[in-house]
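Student: Could you take me through one part of this model up close? I'd like the sheet first, and then whatever connects to it.

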Amino acid sequence: IAYLQNQRQGQLPATWTTEAKDVIREMLQLGENDYNISNIRPPWEGADWIENNFVRHGCIPADDPLEEHLLAMTIQRGFDTALIPIWDMVNHDNGKLNTDSNSQLAEEGIKVWANRTIAAGEEIYATYDYCQDCSDFGDWMGTPGIFRDFGFVESYPQYWPFVGQSIYFSVQAAESVNGGGGSKEYYAELHFEDDYAPTGKSLDFLKSRLSRLESMEATHLTSRGSIPQYQWDGIVQFHNAFMNALECGIEAMLGLWSNRAYLEHGGADGGYEIIDEL
């Protein structure tokens, strides 16, 4: 408890100021009580999960900064459902991942090992969304979920699942795709596993979300007002990453339609065609 108390308060978006959370709600297009994930992108309850899941159910009292902080830090620092000293402090980066582990529920206890040679002085990295006990977090919460539960925008590769719209894609930096060398900085790769099968409606959804984020630049992101600087920086970073992901996803979808690969395999929208360009 002493360790958690000594950590800076307000690291997660759900613990930010009302003004900051209002911007996040607008960005994610959901109201405080909106659970309809078919109309939004992950993570639902991005700014309100503490209020909706803990305060309203009497798990922690309202307006108790310490209780809120301890809850937020347990989510942020915990390895799935457990607090594991030292291992909890290892940073996340799927692109620089150099460790593997077994399950925390294993009979012999959790074990961590290097998955490649780690040079002296090199930082040790874990994955917060594809670990043994993470239930493939990246496939249904992805980069927005990392922002919600850990308070930062992850570096590339990023994962952007839109559950209610049946579309899921990853975004890679150009230098990690075939060694780079092209004119583009980022690329999106569409994923078709599980229940993800994008349609023309999925593309319309991505375009509408991009238009919304573009309009926010003139309505919500011109001045931080009373929002603390570190919270404002987090909002801007997530907004920029979200816009970049949507642009890459739209480009990948248009490429898919131009090749007619999906429609030839019996797209759910039948003869739906995309003829305009980004």
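Tutor: Let's start with the pairing of strand 5 and strand 6 (residues 167-173): they run antiparallel and share five bridges. Keep in mind that this is a predicted model. One of the contacts between these two strands is easy to pick out, since phenylalanine 162 has isoleucine 167 of strand 6 as its bridge partner. Zoom out a bit and you'll see an open sheet of three strands, ordered 5-6-7, with antiparallel pairing. Strand 5 (158-162) and strand 7 (186-190) sit at the edges with a single partner strand each, so one side of each has no neighbour in the sheet. From one strand to the next, the twist averages 25°.

Now look at the loop between strand 5 and strand 6, where you'll find serine 166. Serine 166 isn't a glycine, yet its phi is positive, about 60°. With a relative accessibility of 25%, serine 166 counts as partly exposed. Aspartate 63 is another non-glycine with a positive phi, about 55° in its case. Aspartate 63 belongs to the loop between helix 3 (49-55) and helix 4 (65-77). Aspartate 63 has a relative accessible area of 81%, and because the cut-off for exposed is over 50%, aspartate 63 is exposed.

Back to the sheet, this time going upstream. The loop between helix 6 (142-150) and strand 5 holds proline 157. The peptide bond joining tyrosine 156 and proline 157 is cis, with omega about 5°. At the other end of the story is helix 6, which is followed by glycine 151, with a positive phi near 85°. Helix 6 itself is mostly covered: nine of its nine residues are buried. Among them are Gly142, Thr143, Pro144 and Gly145, and also the charged-looking pair to click on, Arg148 and Asp149.

Phenylalanine 147 is the residue to follow from here. Its relative accessibility is 5%, which counts as buried. A search of the whole structure turns up 14 aromatic pairs. In one of them, tryptophan 16 and phenylalanine 147 meet edge-to-face, 6.0 Å centre to centre and with 75° between the planes. That pair links distant parts of the chain, since tryptophan 16 is in the loop between helix 1 (2-5) and helix 2 while phenylalanine 147 is in helix 6, 131 residues apart. Tryptophan 16 is buried too, with a relative accessible area of 6%.

Phenylalanine 147 also pairs with phenylalanine 238: the ring centres are 4.5 Å apart and the planes are at 5°, so this pair is stacked. Because phenylalanine 147 lies in helix 6 and phenylalanine 238 in helix 8 (residues 229-258), the pair ties together parts 91 residues apart in sequence. Phenylalanine 238 is buried, at 2% relative accessible area. And here's the way back to the sheet: one aromatic cluster includes Trp16, Phe147 and Phe238 together with Trp160, Phe162 and Phe169. Phe205, Tyr230 and Phe242 are in that cluster as well.

Phe205 makes a handy bridge to the helices, as helix 7 covers residues 200-219. The axes of helix 7 and helix 2 (residues 18-28) come within 9 Å and cross at roughly 145°. On the helix 2 side the residues are Val23, Glu26 and Met27, and they meet Arg212, Leu213 and Met216 of helix 7. By class, that contact has four nonpolar, two charged and no polar residues.

One last thing before you load this into anything: check the confidence. The protein averages a pLDDT of 82, and 82% of the residues score at least 70. Over residues 31-42, though, the pLDDT is below 50, and that stretch has 33 contacts in the model beyond near neighbours in sequence. For residues 260-278 the pLDDT also stays under 50, and there the model has 34 contacts beyond four places in sequence.

Definitions and conventions:
Residues are numbered from 1 along each chain as its sequence is written. This is a predicted model: local features need pLDDT of at least 70, side-chain atom pairs count only at pLDDT 80 or more; totals for chains, interfaces and linings use all residues. Side-chain values use heavy atoms; hydrogens and water are left out. Two strands pair if DSSP finds at least two bridges between them. Helices (H or I, at least four residues) and strands (E, at least two) are DSSP runs, numbered from the N terminus. Axes are lines fitted to C-alpha atoms, for helices over the stretch in contact, and angles run from 0 to 180 degrees between N-to-C directions. Contact means heavy atoms within 4.5 Å. Ala, Val, Leu, Ile, Met, Phe, Trp, Tyr, Cys and Pro count as nonpolar, Asp, Glu, Lys and Arg as charged, and the others, Gly among them, as polar. Buried means under 20% relative accessible area, exposed over 50%, partly exposed in between (1.4 Å probe, protein chains only). pLDDT is the predictor's confidence in each residue, from 0 to 100. Rings of Phe, Tyr and Trp (its six-membered ring) pair if their centres lie within 6.5 Å; planes under 30 degrees apart count as stacked, over 60 as edge-to-face and the rest as tilted.
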